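This report covers helix packing, strand pairing and one residue in the closing segment of interest. Keep the structure open while reading.

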Amino acid sequence: MFTEKRYRQYISDFNSTFTGGISLDDFFDRYYENNATFEYIPQARKNIGRDEILTFWAGVAEKMQEVILNHTHFLADEKTVASEAPIDFLCKKDLEWNEVHYNAGSKFRLMMCAFYDVSPSNKFSYVRVYSIYNPAYKPDE
């Protein structure tokens, strides 16, 4: 079972990929099946397999630094994990993300809800991420 303790480590490791911690490659190998699917719902984007997922994550990292904060909700059983958490972004360049324009150096926060299918080897095989933008969600300064 993918426990809450393991999930917290997963989030910590993910955040560290933006700050010189583990590489995206090592992160993927630790937590994902090689043929996993990572579906980012707001962009109707489905990334299938290691190469597509790593390319998607690297593309995000080129544009912004992402920090997933402590989850507000967490549920898990033997085959599924569900969580809700705020995510803060720091834009490295001018960009448009989910139809909202941001200038380089600006910050914004999304609320993320994610559902993870867990394989028998306790790795993620399918992930669906929903994120909601609301200007009232303010990142920490």
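## Helix α2 against helix α3

Helix α2 (residues 24-31) and helix α3 (residues 49-63) have axes that come within 11 Å and cross at roughly 130 degrees. Axes here are lines fitted to C-alpha atoms, for helices over the stretch in contact, with angles from 0 to 180 degrees between N-to-C directions. That angle makes α2 oblique to α3. The classes are: under 35 degrees roughly parallel, over 145 roughly antiparallel, 65 to 115 roughly perpendicular, and the rest oblique. The crossing of α2 with α3 is right-handed: the near helix is turned clockwise from the far one by less than a right angle, whereas anticlockwise would be left-handed.

On the α2 side, the contact uses L24, D25, F27, F28 and D29. On the α3 side, R50, I53, L54, W57 and A58 take part. Contact means heavy atoms within 4.5 Å. By class, the residues of this contact are seven nonpolar, no polar and three charged. Nonpolar covers Ala, Val, Leu, Ile, Met, Phe, Trp, Tyr, Cys and Pro; charged covers Asp, Glu, Lys and Arg; the others, Gly among them, are polar.

## Basis of the model

This is a predicted model, in which local features need pLDDT of at least 70, side-chain atom pairs count only at pLDDT 80 or more, and totals for chains, interfaces and linings use all residues. Residues are numbered from 1 along each chain as its sequence is written, and side-chain values use heavy atoms, with hydrogens and water left out.

Helices (H or I, at least four residues) and strands (E, at least two) are DSSP runs, numbered from the N terminus.

## Helix α1 against helix α2

Helix α1 (residues 4-16) also packs with α2: the axes come within 10 Å and cross at roughly 165 degrees. The two helices are therefore roughly antiparallel to each other. Their crossing is left-handed.

Which residues of α1 meet α2? They are R6, Q9, Y10, D13 and F14, and they meet F27, R30 and Y31. The residues of this contact divide into four nonpolar, one polar and three charged. F27 appears in the contact with α3 and in the contact with α1.

## Strand pairing

Strands count as paired if DSSP finds at least two bridges between them. Strand β1 (residues 32-40) pairs with β9 in the parallel sense over five bridges. E39 stands opposite R128 in β9. With strand β2 (residues 45-48), β1 pairs in the antiparallel sense over four bridges. Y40 has R45 in β2 as its bridge partner. The hairpin of β1 and β2 has four residues between the strands, and A44 there takes a positive phi near 50 degrees.

Strand β8 (residues 107-118) pairs with strand β5 (residues 80-91) in the antiparallel sense over eleven bridges. D88 stands opposite R109 in β8. The pairing of β8 with β9 is antiparallel too, over nine bridges. Here C113 stands opposite Y130 in β9. Five residues lie between the strands in the hairpin of β8 and β9, where N122 takes a positive phi near 65 degrees.

## Residue Y137

Y137 sits in the segment after β9 (124-133). Is Y137 buried or exposed? Y137 is partly exposed, with a relative accessible area of 29%. Buried means under 20%, exposed over 50%, and partly exposed in between (1.4 Å probe, protein chains only).

Setting aside neighbours within four places in sequence, Y137 is in contact with R109, M111 and I132. R109 is also the residue opposite D88. From D77, Y137 is 60 residues away in sequence and 30 Å away in space, C-alpha to C-alpha.
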